[in-house]
Amino acid sequence: MLYARQKVVTYARAYNLQPIDRVHIEFKDLEALKLESEEGFRMGFTGKQCIHPGQIPVVQQAFSPSAEQLEYARELIKSFDEHQLAGKGAFAFRGKMIDRPTLLQARNVVQMFEE
């Protein structure tokens with residue numbers, strides 16, 4: 001199942017689509033849903049299908065950026081913009097080299113929060 005889930009993320013991203021994770025059918029087991037949702041978020045899914053209204057808060061929490069992630073993303077974008085204005089391409093942010101995929105990920109985090 002892991003291979004299939006990873007393949008969904010890879011193909012969806014390749015076609016600029018949002019990968020949505022599978023349904024967790026044991027709708028009363030919210031702890032397992034939380035763990036599976038967090039795993040899906042780390043794998044690159046942008047959401048998860050729900051079959052019961054009680055699942056919604058758990059899934060929303062797992063797929064929402066934390067305050068720390070949001071702060072990091074905003075600061076990274078600001079730093080990128082400053083480097084662009086200075087005519088610099090590659091740069092380091094908090095000890096890490098920043099490339100375009102990292103910038104796009106930061107923009108996605110901010111966009112998720114603002115929606």
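Let's start at Gln18, which sits in the loop between α1 and β1. Gln18 is exposed, with a relative accessible area of 60%. Once neighbours up to four places away in sequence are set aside, Gln18 is in contact with Ala12 and Thr46. The Thr46 contact spans a stretch of chain: Gln18 and Thr46 are 28 residues apart along it, yet their C-alpha atoms are separated by 6.1 Å.

Before going further, keep in mind that this is a predicted model. The average pLDDT of the protein chain is 93, and 99% of the residues score at least 70. Broken down by element, confidence is highest in β1, at a mean of 97, and lowest in α5, at 87.

Now for the overall layout. The protein chain has five helices and four strands, and reading along the sequence gives the pattern α-β-α-β-α-α-β-β-α. Taken along the principal axes, the C-alpha atoms fill a box of roughly 55 × 30 × 25 Å. The chain has 115 residues, of which 30% count as buried. Its exposed area comes to about 8,000 Å², with 56% of that supplied by carbon and sulfur atoms. As for contacts, take those between residues at least 6 apart in sequence: 61% of them join residues at least 24 apart.

Back to the loop where we began. Asn16 is found there too, between α1 (2-14) and β1 (20-21). Most residues other than glycine have a negative phi. Asn16 has a positive phi of about 60°, although it is not a glycine. Asn16 counts as exposed, because its relative accessibility is 74% and the cut-off for exposed is over 50%. Leu17 is in this loop as well, and it is exposed, with a relative accessible area of 53%. Together with Tyr11 and Tyr15, Leu17 makes a nonpolar surface patch of about 390 Å². Another positive phi turns up at Arg94, a residue other than glycine, where the value is near 50°. Arg94 has its place in the loop between β3 and β4 (96-98).

What about the inside? In soluble globular proteins, nonpolar side chains tend to be buried together. Here the largest nonpolar core has 12 residues, including Leu70, Phe80, Val109 and Val110. At least two residues of this core come from each of α4 (67-85), β3 (91-93) and α5 (100-114). The most is given by α4, with five residues. To see how these pieces meet, try Leu76: leaving aside neighbours within four places in sequence, Leu76 is in contact with Phe91, Phe93, Ile98, Thr102, Leu103 and Ala106. There is also a second, separate core of eight residues, with Val9, Met43, Phe45 and Phe63 among them.

Ser79 is worth a look in the same helix, α4. Ser79 is buried, with a relative accessible area of 11%. Not counting residues up to four places away in sequence, Ser79 touches Phe91 and Phe93.

That leaves the charged side chains. Side chains of opposite charge can pair when their charged atoms come close. A search of the whole structure finds seven salt bridges. One of them joins Asp21 and Arg5, at 2.6 Å from N to O. The pair links distant parts of the chain, with Asp21 in strand β1 and Arg5 in helix α1, 16 residues apart. Asp21 is buried, at a relative accessible area of 1%, and Arg5 counts as buried too, at 5%.

Glu36 and Lys48 also meet in a salt bridge, again with an N to O distance of 2.6 Å. Glu36 lies in helix α2 and Lys48 in strand β2 (residues 47-48), so this pair ties together parts that are 12 residues apart in sequence. Glu36 counts as buried at 13% relative accessibility, and Lys48 is buried at 8%. Through shared partners, salt bridges join Arg5, Asp21, Arg22, Glu36, Glu39 and Lys48 into one network.

For a local pair, look at Lys34 and Glu38, whose side chains meet in a salt bridge at 3.1 Å, N to O. Both lie in helix α2 (residues 30-43), four residues apart, about one turn of the helix. Lys34 counts as partly exposed at 35% relative accessibility, and Glu38 is partly exposed at 25%.

Conventions. Residues numbered from 1 in each chain as written. Predicted model: local features only at pLDDT ≥ 70, side-chain atom pairs only at ≥ 80, totals over all residues. Heavy atoms only, no water. Core = buried A, V, L, I, M, F, W, Y, C linked by side-chain atoms within 4.5 Å. Buried < 20%, exposed > 50% of the residue type's maximum accessible area, 1.4 Å probe, protein only. Contact = heavy atoms within 4.5 Å. Patch = residues over 30% accessible without salt bridge, like charges linked within 9 Å, V, L, I, M, F, W, Y side chains within 5 Å. Areas by Shrake-Rupley, 256 points an atom, 1.4 Å probe, with all protein chains shown as cover. Salt bridge = Lys/Arg side-chain N within 4 Å of Asp/Glu carboxyl O. pLDDT = per-residue confidence, 0-100.
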